[in-house]
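Got the viewer open and a selection box ready? Let's take a walk through this one, stop by stop.

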Amino acid sequence: WGGVSVGALILGAVIAVGSIVVVFGDEAGSEGTATYENLALWNHSTGDPNTPFVVGDAGVGTLNILSDSDVLLMDQTLPILGNEATGHGTINLDGDGSELFVSSQDLSVGRLGEGRLNITDGGVLTAAAKNVVVAELGSGRGAIHITGADSTLRAPSVYVGYLGAGMLDIDDAGYLEASFEIVLALNAGSTATATVDGAGSRLAAIGDAALIIGGGGDASLTVSGGAIADAHEVIIGDGLSAVGNVLVTGTGSQLDGREEMRVGYNGIANLTLADGGIASAPLIEINSQSSVHGNGTLLGDVTNFGLVSPGTSTGALHLDGAYLQADNGALRIELASTLSFDQLLVTGMASLAGTLDVALLGGFTPTAGQSFDIIDWGSLDGTFSALNLPVLSGGLSWNTSQLYTMGALSVDTAFSADFDGDGDVDADDLDEWQAAYGVSAVADADSDGDSDGRDFLEWQRQFGSGIPSVSAISSVPEPSGLALLSLVGCGLALVRQRRPVVHGHWSSTNPIEI
């Protein structure tokens with residue numbers, strides 16, 4: 001046992017060299033610790049796949065691999081941290097050049113008990129042929145912490161929350177790499193929480209490997225502080241029972257799918273971008289029961305079968321690519337004021353269908369004349385199938401005439417001829433029309449961009465609307481004054497000059513032709 005430091009074997013540690021069984025913390029209530037440091041080497045091997053290497057069987061076990069030391073678990077060695085329900089096993093892998101090498105069996109971090117793997121300050125764990133499994137069975141609790149530049153875990157696959165409750169924490173330029181898949185909460189009933197934080201920190205599924213957040217259980221992933229999580233394919237909410245929640249927050253923080261990203265597959269998924277966070281893939285698909293929220297950027301072409309909701313309260317969601325909203329998709333826009341409202345900003349084509357759902361926040365009450373630029377696009381195809389707009393009071397109504405030209409919603413009075421905006425159509429509005437005639441669009445009742453004779457006719461039709469005591473009005477008044485009659489005459493003459501001719505005839509009984 002060269003290289004084992006003084007006091008490396010303490011009460012509760014059992015080592016049976018003949019059968020190649022190694023246990024630290026054998027019985028409940030016992031403790032066992034081994035420390036390898038200062039270029040120490042332990043090359044442990046067995047040809048029996050059932051021969052365990054246990055740190056924390058029923059008791060408490062600790063293995064420290066420090067200061068450029070190596071522990072090699074070769075051949076069929078079966079490493080387990082926290083084997084029994086009462087077991088607590090910890091491996092501390094610390095310092096540049098310190099390495100734990102696992103040859104051919106899964107490394108179980110928290111089988112039935114509790115396991116913890118700490119990789120710090122340049123330590124390296126390599127699982128050459130098999131996987132790293134965190135919280136293997138239902139009662140298992142396991143955690144992996146990777147921190148510091150060059151601190152690295154490499155394995156074919158990493159499962160955080162296999163059947164139990166798993167945690168993964170990568171920070172301060174720590175690195176985890178898998179060549180087949182990384183799955184958070186693999187099976188139904190499992191849970192997983194993962195955090196990748198800080199510039200240089202990375203969770204990487206390399207080659208054709210996938211990153212799955214919510215395989216069959218309940219999983220969450222936070223990418224923050226300029227960290228990166230990337231894979232060939234990113235799937236959030238994979239299985240029928242899965243729930244996946246992802247938060248990408250902070251400048252430089254990024255979730256990347258080199259091939260595609262599925263927000264919801266068979267399960268439920270929520271992707272939130274905050275404070276400049278980015279999610280990117282050539283194809284991003286938001287499926288039924290799933291959603292994308294936040295203030296950040298989607299890089300790629302997006303198809304929405306679920307919900308897109310810009311803002312974390314209110315804010316702008318940038319989409320660098322094309323946006324296709326399917327018939328069962330929805331865009332939710334929240335309005336808090338004329339200076340605080342949601343926007344979807346699309347650089348490519350926006351192909352619209354499905355529902356536009358607009359809500360008011362914080363007791364905000366829009367007033368006449370207010371406008372909200374809620375969606376921009378490079379080009380536009382289609383229209384929303386349904387508009388769910390909040391009810392407005394005080395004789396106000398939503399004007400959607402610029403929704404598919406400028407991407408804007410505005411608020412009008414309920415009556416287009418209520419030119420002074422006081423909720424009714426009366427003689428004061430006629431005065432407004434007279435002042436605006438031929439000069440401005442202040443009295444534009446037919447939304448054609450000017451104030452002319454057609455607008456006078458709209459005023460005439462709507463006269464009396466919105467006035468509570470309509471009994472006082474027996475008939476539509478005749479405009480008085482030679483100047484007004486002259487203006488009306490000129491306006492009607494202008495209307496007639498622009499009237500299309502149908503088969504060379506005109507009927508004075510057709511009100512549309514007036």
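What follows is a tour that starts with the whole chain and then moves from one selection to the next.

**The whole thing**

Keep in mind that this is a predicted model. Colour by secondary structure to begin with: the protein has three helices and 40 strands. Of its 514 residues, 51% count as buried. Switch on the surface and you are looking at about 21000 Å² of accessible area, with 53% of that belonging to carbon and sulfur atoms. Contacts reach a long way along the chain, too: take those between residues at least 6 apart in sequence, and 69% of them join residues at least 24 apart.

**Stop 1: Ala58 in its loop**

Select Ala58, in the loop between strand E5 (52-55) and strand E6 (60-66). Is Ala58 buried or exposed? Its relative accessibility is 13%, so Ala58 counts as buried, the cut-off for that being under 20%. Now show what surrounds Ala58: beyond its neighbours within four places in sequence, the contacts are Gly25, Asp26, Glu27, Ala28, Glu84, Thr86 and Gly87. If you like distances, draw one from the C-alpha of Ala58 to that of Phe24; it reads 9.3 Å, for two residues 34 apart along the chain.

**Stop 2: strand E25 and its partners**

Next, select residues 254-263, which make up strand E25. Eight of these 10 residues are buried, so E25 is largely enclosed by the rest of the structure. Add strand E23 (residues 228-236), which runs parallel to E25 and is joined to it by eight bridges. To see how the two line up, pick Ile236 and find Val263 of E25 opposite. Then bring in strand E26 (residues 268-286), also parallel to E25, with six bridges joining the two. Here the pair to click is Gln254, with Ile278 of E26 standing opposite. While you have strands on screen, remember that in a regular strand the side chains alternate between the two faces of the sheet.

**Stop 3: two loop residues with positive phi**

Two residues are worth a click for their backbone angles. Asp172 sits in the loop between strand E17 (165-171) and strand E18 (175-184). Its phi is positive, about 50°, although Asp172 is not a glycine. With 52% relative accessibility, Asp172 counts as exposed.

Jump on to Gln289, in the loop between E26 and strand E27 (291-304). Gln289 is another non-glycine with a positive phi, near 75°. Its relative accessible area is 54%, so Gln289 is exposed.

**Stop 4: Ser351**

Select Ser351, in strand E33 (residues 349-352). At 16% relative accessibility, Ser351 counts as buried. Leave out residues up to four places away in sequence, and Ser351 touches Tyr323, Leu324, Gln325 and Asp381.

**Stop 5: a three-stranded sheet**

Now show E35, E40 and E39, which form an open antiparallel sheet in the order E35-E40-E39. Which strands are at the edges? They are strand E35 (371-373) and strand E39 (396-399), each pairing on one side only. Look across the sheet for its twist: neighbouring strands are turned by 20° against each other on average, direction ignored. Three bridges join E35 to strand E40 (residues 408-413). Zoom in on Phe372 to find its bridge partner in E40, Leu409.

**Stop 6: aromatic rings and a helix pair**

Show the side chains of Phe, Tyr and Trp; there are 13 aromatic pairs in the whole structure. Go to Tyr36 and Trp42 for one whose ring centres are 5.2 Å apart and whose planes meet at 15°, so this pair is stacked. Both Tyr36 and Trp42 are buried.

Compare that with Trp433 and Phe456, a tilted pair at 5.2 Å centre to centre and 45° between the planes. Trp433 lies in helix H1 (residues 427-436) and Phe456 in helix H2 (residues 453-462), so the pair ties together parts 23 residues apart in sequence. Trp433 and Phe456 are both buried. Widen the selection to Trp433, Tyr437, Phe456, Trp459 and Phe463, which ring pairs link into a cluster.

Finish with the two helices themselves. The axes of H1 and H2 come within 11 Å and cross at roughly 180°. That makes H1 roughly antiparallel to H2. Where they meet, show Ala427, Asp429, Leu430 and Trp433 from H1 against Gly453, Asp455, Phe456 and Trp459 from H2.

Technical notes. Residues are numbered from 1 along each chain as its sequence is written. This is a predicted model: local features need pLDDT of at least 70, side-chain atom pairs count only at pLDDT 80 or more; totals for chains, interfaces and linings use all residues. Side-chain values use heavy atoms; hydrogens and water are left out. Helices (H or I, at least four residues) and strands (E, at least two) are DSSP runs, numbered from the N terminus. Buried means under 20% relative accessible area, exposed over 50%, partly exposed in between (1.4 Å probe, protein chains only). Contact means heavy atoms within 4.5 Å. Two strands pair if DSSP finds at least two bridges between them. Accessible areas come from the Shrake-Rupley method with a 1.4 Å probe; for residues, only the protein chains shown count as cover. Rings of Phe, Tyr and Trp (its six-membered ring) pair if their centres lie within 6.5 Å; planes under 30 degrees apart count as stacked, over 60 as edge-to-face and the rest as tilted. Axes are lines fitted to C-alpha atoms, for helices over the stretch in contact, and angles run from 0 to 180 degrees between N-to-C directions. Angles under 35 degrees count as roughly parallel, over 145 as roughly antiparallel, 65 to 115 as roughly perpendicular and the rest as oblique.
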